[in-house]
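Visitor: Hey, could you walk me through this one? I'm new to reading structures, so plain words please.

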Amino acid sequence: MATGKKKGGNKAGKMILFVVELAVLAVLIVGLWLVLKATGGTGSDGKKTGVQKVTIKEEDITVKMNENVKNNETMKGYRNIALFGVDSRTGALTQKTRTDTIMIASINLANKEVKLVSVYRDTYLNQMGSSESFGKCNASYAYGGAEQAIMMLNSNLDMDITDFITIGFEGLRDVIDALGGVYIDVDAEEIKHINNYQISMVESMGGSYTPVTETGYQLLDGLQATAYCRIRYTAGNDFKRTERQREVLQATLDVAKTASITDLTKICNNVFSEVYTSLDLSEILELLTEVTQYNVVDEGGFPEETMITTGTIGSKGSCVIPLDLESNVVWLHEFLFEEKNYIPSDNVSNYSIQINKDTSPFLQ
């Protein structure tokens with residue numbers, strides 16, 4: 001059986017994916033706008049200016065939560081929030097779309113330290129549908145929205161998540177345009193792909209595009225920068241694409257930090273419809289009042305880099321496979337909660353056996 005770790009896993013595991021960071025930025029902007037304007041309504045361009053708040057059936061989630069997790073004293077000192085990035089260009093944030101980004105933000109309530117863990121979207125796990133079939137974990141959101149995706153994370157990883165934030169793909173384009181663009185260094189190999197992706201996005205979303213014609217450090221508009229983020233057909237493939245996403249996000253955040261109130265208000269008007277969350281406005285404002293106290297101290301990827309492989313698992317396609325789910329969950333709890341010698345639940349143990357049974361024949 002193949003036991004080598006996924007090529008580039010270390011690099012991918014240590015990256016904060018751009019969609020998730022944009023979600024955090026969007027929440028901060030939402031809170032600032034609420035403080036300045038007090039109520040929602042419509043912007044000057046007629047766009048709806050309100051977060052898509054959803055009340056999820058928390059009781060359904062907690063009923064399926066492992067009892068040992070509910071009673072875990074160590075975990076009670078943390079607040080864990082699921083962050084989802086969906087490949088939606090039409091504001092379809094609730095379900096019927098797979099999550100390109102799945103991340104857990106774990107907040108230490110005592111010292112405000114935050115750790116982020118990306119769950120690789122193609123990870124072979126129990127999807128927690130009605131039949132509890134196994135396959136790529138990013139399908140859970142498509143089948144049952146945020147509730148099923150949260151149950152998938154809780155069941156497979158022994159977590160206690162009840163809240164989430166989701167953002168759509170268009171949000172990045174809107175934020176960058178509102179900020180006046182970002183500066184990116186474009187090489188010759190990337191130009192054709194930027195323009196091809198722009199054409200594709202214009203065909204699905206409407207509007208027009210401006211071709212990139214020169215190499216070098218230059219100002220990209222929202223559509224150009226979003227197209228740049230999507231490139232994966234150069235050296236490095238998907239891992240290089242993640243680097244580009246991080247590069248664009250960092251450039252966006254740098255500009256946002258210096259933006260005026262007028263610019264931030266414009267961003268709010270553009271991005272509000274791209275945020276979907278279970279958090280109450282009071283919770284968002286509470287997070288904002290303490291935002292200077294929060295500090296991201298570490299980030300990683302799940303499955304852990306030394307306990308991961310890849311393979312094509314029949315009709316399930318190309319998957320990321322935890323070589324041993326139990327061992328990965330032990331690592332996760334030590335990483336997030338500094339919990340030594342964590343004993344996984346019976347559910348995790350059973351899932352680990354099933355994953356090995358399903359994948360072993362394809363990894364000979």
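Visitor: Let's just jump in. Which strand does Y217 lie in?

Guide: Y217 belongs to strand 11, which covers residues 216–220. One thing to keep in mind throughout: this is a predicted model.

Visitor: Got it. Is Y217 buried or exposed?

Guide: Y217 is exposed, with a relative accessible area of 61%. Y217 also helps make a nonpolar surface patch of about 370 Å², together with Y183 and L219.

Visitor: Okay, rings next. How many aromatic pairs are there?

Guide: The count comes to seven aromatic pairs. One of them is Y78 with F337: the ring centres are 5.0 Å apart and the planes sit at 65°.

Visitor: What do you call a pair with planes at 65°?

Guide: That's edge-to-face, because planes over 60 degrees apart get that label. Y78 is in strand 4 (residues 78–86) and F337 is in helix 12 (residues 325–337), so this pair ties together parts that are 259 residues apart in sequence.

Visitor: And are Y78 and F337 buried or exposed?

Guide: Both Y78 and F337 are buried. Strand 4 has another ring to look at, F84, which forms a tilted pair with F164, at 6.4 Å centre to centre and 45° between the planes. F164 lies in strand 9 (residues 163–168), so here the pair ties together parts that are 80 residues apart in sequence. Both F84 and F164 are buried.

Visitor: Which rings are linked into a cluster with F84?

Guide: Ring pairs link F84 with Y141 and F164.

Visitor: Let's stay with strand 4 for a second. Which strand do nine bridges join it to?

Guide: Strand 5, and the two run antiparallel. You can see L83 standing opposite M103 in strand 5.

Visitor: How many residues of strand 5 are buried?

Guide: Nine of its ten residues, 99–108, are buried, so strand 5 is largely enclosed by the rest of the structure. On to its link with strand 6 (residues 113–119): five bridges join these two, and they run antiparallel.

Visitor: What sits between strand 5 and strand 6?

Guide: Four residues, and the two strands form a hairpin. In the turn, K112 has a positive phi of about 65°. Further along, S106 has K115 in strand 6 as its bridge partner.

Visitor: What else is K115 up to?

Guide: K115 lies over the face of F335, at 5.4 Å from the ring centre. K115 also meets E338 in a salt bridge, 4.0 Å from N to O. E338 is in the loop between helix 12 and helix 13 (346–359) while K115 is in strand 6, so that salt bridge ties together parts that are 223 residues apart in sequence.

Visitor: Is K115 buried or exposed?

Guide: K115 is buried, at a relative accessible area of 14%. Its partner E338 is exposed, at 55%.

Visitor: How many salt bridges does the structure hold?

Guide: Six. Among them is D163 with R79, where the closest N and O atoms are 3.0 Å apart. D163 is in strand 9 and R79 in strand 4, so to speak distant parts of the chain, 84 residues apart.

Visitor: Why does D163 count as buried while R79 counts as partly exposed?

Guide: D163 has a relative accessible area of 13%, and R79 comes in at 22%. Buried means under 20%, so the cut-off falls between those two values.

Visitor: Give me one more salt bridge. Which residue does K340 pair with?

Guide: K340 meets E334, at 3.0 Å from N to O. K340 is exposed at 56% relative accessibility, whereas E334 is partly exposed at 36%.

Visitor: Last topic: anything odd in the backbone?

Guide: A few spots. Most residues other than glycine have a negative phi, and most peptide bonds are trans. M128, though, has a positive phi near 65°. M128 is in the loop between strand 7 (124–126) and strand 8 (134–136), and it is buried at 5% relative accessibility. E338 has a positive phi too, about 55°.

Visitor: Where is there a cis peptide bond?

Guide: It joins F302 and P303, with omega at about 0°. P303 lies in the loop between strand 13 (295–302) and strand 14 (308–312).

Notes
Residues are numbered from 1 along each chain as its sequence is written. This is a predicted model: local features need pLDDT of at least 70, side-chain atom pairs count only at pLDDT 80 or more; totals for chains, interfaces and linings use all residues. Side-chain values use heavy atoms; hydrogens and water are left out. Patches are made of residues with over 30% relative accessible area and no salt bridge: like charges are joined within 9 Å, nonpolar side chains (Val, Leu, Ile, Met, Phe, Trp, Tyr) within 5 Å. Accessible areas come from the Shrake-Rupley method with a 1.4 Å probe; for residues, only the protein chains shown count as cover. A salt bridge is a side-chain nitrogen of Lys or Arg within 4 Å of a carboxyl oxygen of Asp or Glu. Buried means under 20% relative accessible area, exposed over 50%, partly exposed in between (1.4 Å probe, protein chains only). Rings of Phe, Tyr and Trp (its six-membered ring) pair if their centres lie within 6.5 Å; planes under 30 degrees apart count as stacked, over 60 as edge-to-face and the rest as tilted. A charge sits over a ring if NZ of Lys or CZ of Arg is within 6 Å of the ring centre and within 35 degrees of the ring normal. Two strands pair if DSSP finds at least two bridges between them.
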